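Reader: Before I rely on any label, I would like to hear how each one follows from its value. Could we go through them in turn?

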Amino acid sequence: MKLLRSSTPWLISLVCGVGLVAAVGYGQRVAQNKPAATPAAATVTELSSIFRNVSKQVLPAVVSLRVKQKDPAEGGREDVEKFFEQNPDLPERFRDFYRRRRGGPGGSPPGGSQGMGSGSIIDAKGIILTNYHVIKDAQEVVVRLHDGREIVATEFMGDPRTDVAIVKIEGAGPLTALKLGDSDPVQVGDWVLAFGSPFGLDLSVTAGIISAKGRGPGIAEREDFLQTDAAINPGNSGGPLVDMNGRMIGMNTAIATNSRSSAGVGFAVPVNMVRWVSNQLIKDGKVKRAWLGVAGRPIDAQLARQFKIKIGAGAIIGEVMQNSPAAKSGLLPQDIIQHFDGKAIDGPRKLQSIVERLEVGKTYPVKIRRGGKNQTVKVTVAQMPASDKIRPRE
């Protein structure tokens, strides 16, 4: 099973087998001496009406993005020949290929490749949410609005750690902005709609449910994905995942598949993460994070037996980084962090999510378990340094 980003160059594919299953119990007779089935919340017709109304509400805020990426072979012919001189052992076939790639002697470069994705307007003045991998290495981003107008973006920036980005356009007039919801109360089984441009088919809508929460399939540095079975395909990246009130609860970002098409396992960045990152990008053009400086592990069955605690009851410290806030506060390897600033910790991902959004320079209470005893320490978080400056504690 491969994990694929859901943005792609132009591509057309056929997908079949879509259907709607009516709620169990509707129109059925209840057998004697058996408890009645739980009444359906809505008939199929009523559910269809909800889908239709949400789609009408959301579609004007959904855009398609056409991205011209930078040519990886960019640079003058003189630079190419100089590179060859410095690397005399390169095979001649490589030299010929690279020269053809550059257009031959005196030729012009062919330009970057074309990609595409989706986005959501979150500000009527022209601020759009999308995935970082959609605009990464972009030379130009063209935004296609719901009414068919195409506008070249004036600015785009993103955060690779969360795969969140923003695109700005100007001169489009007042636009319809999508409402952002709250991803924390979302429950497994909730109905959702996914919007976007799968395979270049603009303004498509699919329906499904939330299949799981807190997924970390290993495609981004910061992961707490919502999983959905709503069909997400290449081209859906950056499009919104919305609830039945028409509020965005996630941003579609990837699929798990063997065929490059939806296999019913899609992933979306929770909107609360999207909101926190995008607000900083809009304000400062970059994301600032608080830092603790530990590498942790979840409490699995083996560790739970070893430390005589419940599975998932905290995050155990494996490493403490040198000169980090954790080291300065006296935290040690094998300490189990169970609460941070009054919030329960159920694993390293939850710990990281809580810590990085804290106020830099502020001191917070941390409840830990050390040597079988509970205690509280005070930790003053710092701003996260560049990754190459982070080192394990000696």
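Reader: What does the accessible surface of the protein come to, and how much of it belongs to carbon and sulfur atoms?

Author: In this predicted model, the accessible surface of the protein comes to about 20,800 Å², and carbon and sulfur atoms account for 50% of that area. The protein has 394 residues, of which 42% count as buried, and its secondary structure consists of eight helices and 22 strands. Among contacts between residues at least 6 apart in sequence, 65% join residues at least 24 apart.

Reader: Why is Asp159 called buried?

Author: Asp159 has a relative accessible area of 6%, and buried means under 20%, so Asp159 falls in the buried class. Asp159 lies in strand S7, residues 155-159, and, leaving aside neighbours within four places in sequence, Asp159 is in contact with Tyr132, Val164, Val277, Leu281, Val287 and Arg289.

Reader: What makes Phe199 and Leu203 worth separate remarks, and which class of exposure does each belong to?

Author: As background, most residues other than glycine have a negative phi. Phe199, although not a glycine, has a positive phi of about 55 degrees, and Leu203, also not a glycine, has a positive phi of about 55 degrees. Phe199 is found in the loop between strand S9 (191-196) and strand S10 (204-215), and Leu203 is likewise found in the loop between S9 and S10. As for exposure, Phe199 has a relative accessible area of 3%, which is under 20%, and is therefore buried. Leu203, with a relative accessible area of 27%, lies between the 20% and 50% limits and is therefore called partly exposed.

Reader: How do you know that the span of H5 is close to the expected one?

Author: H5 has 14 residues and reaches 19 Å from its first C-alpha to its last, while the expected span is 1.5 Å times one less than the number of residues, given as 20 Å for this helix; the two values are therefore described as close. H5 is followed by Gly285, whose phi is positive, near 80 degrees.

Reader: Which residues of H5 are buried, and what do they pack against?

Author: The buried residues of H5 are Val271, Asn272, Met273, Val274, Trp276, Val277, Ser278, Gln280 and Leu281. They pack against strand S4 (127-130), S7, strand S8 (164-168), strand S13 (248-257), strand S14 (266-270) and H8.

Reader: Which members of the largest nonpolar core touch the most other members, and where does the largest share of this core come from?

Author: This core has 31 residues, and Val58, Phe195 and Val277 touch the most other members. Helix H1 (44-58), S8, S9, S13, S14 and H5 each supply at least two residues of this core, and the largest share, six residues, comes from H5. Not counting residues up to four places away in sequence, Val277 touches Asp159, Thr162, Val164 and Val287. A second, separate core of 21 residues includes Ala315, Ile345, Ile354 and Val366.

Reader: Which residues of helix H8 are buried, and what covers them?

Author: In helix H8, residues 348-356, the buried residues are Leu351, Ser353, Ile354, Val355 and Glu356. What covers them includes helix H5 (271-284), together with strands S15 (290-291), S16 (294-298), S17 (315-320), S18 (336-340) and S19 (343-344).

Technical notes
Residues numbered from 1 in each chain as written. Predicted model: local features only at pLDDT ≥ 70, side-chain atom pairs only at ≥ 80, totals over all residues. Heavy atoms only, no water. Buried < 20%, exposed > 50% of the residue type's maximum accessible area, 1.4 Å probe, protein only. Helix = DSSP H or I, 4+ residues; strand = E, 2+ residues; numbered from the N terminus. Contact = heavy atoms within 4.5 Å. Areas by Shrake-Rupley, 256 points an atom, 1.4 Å probe, with all protein chains shown as cover. Core = buried A, V, L, I, M, F, W, Y, C linked by side-chain atoms within 4.5 Å.
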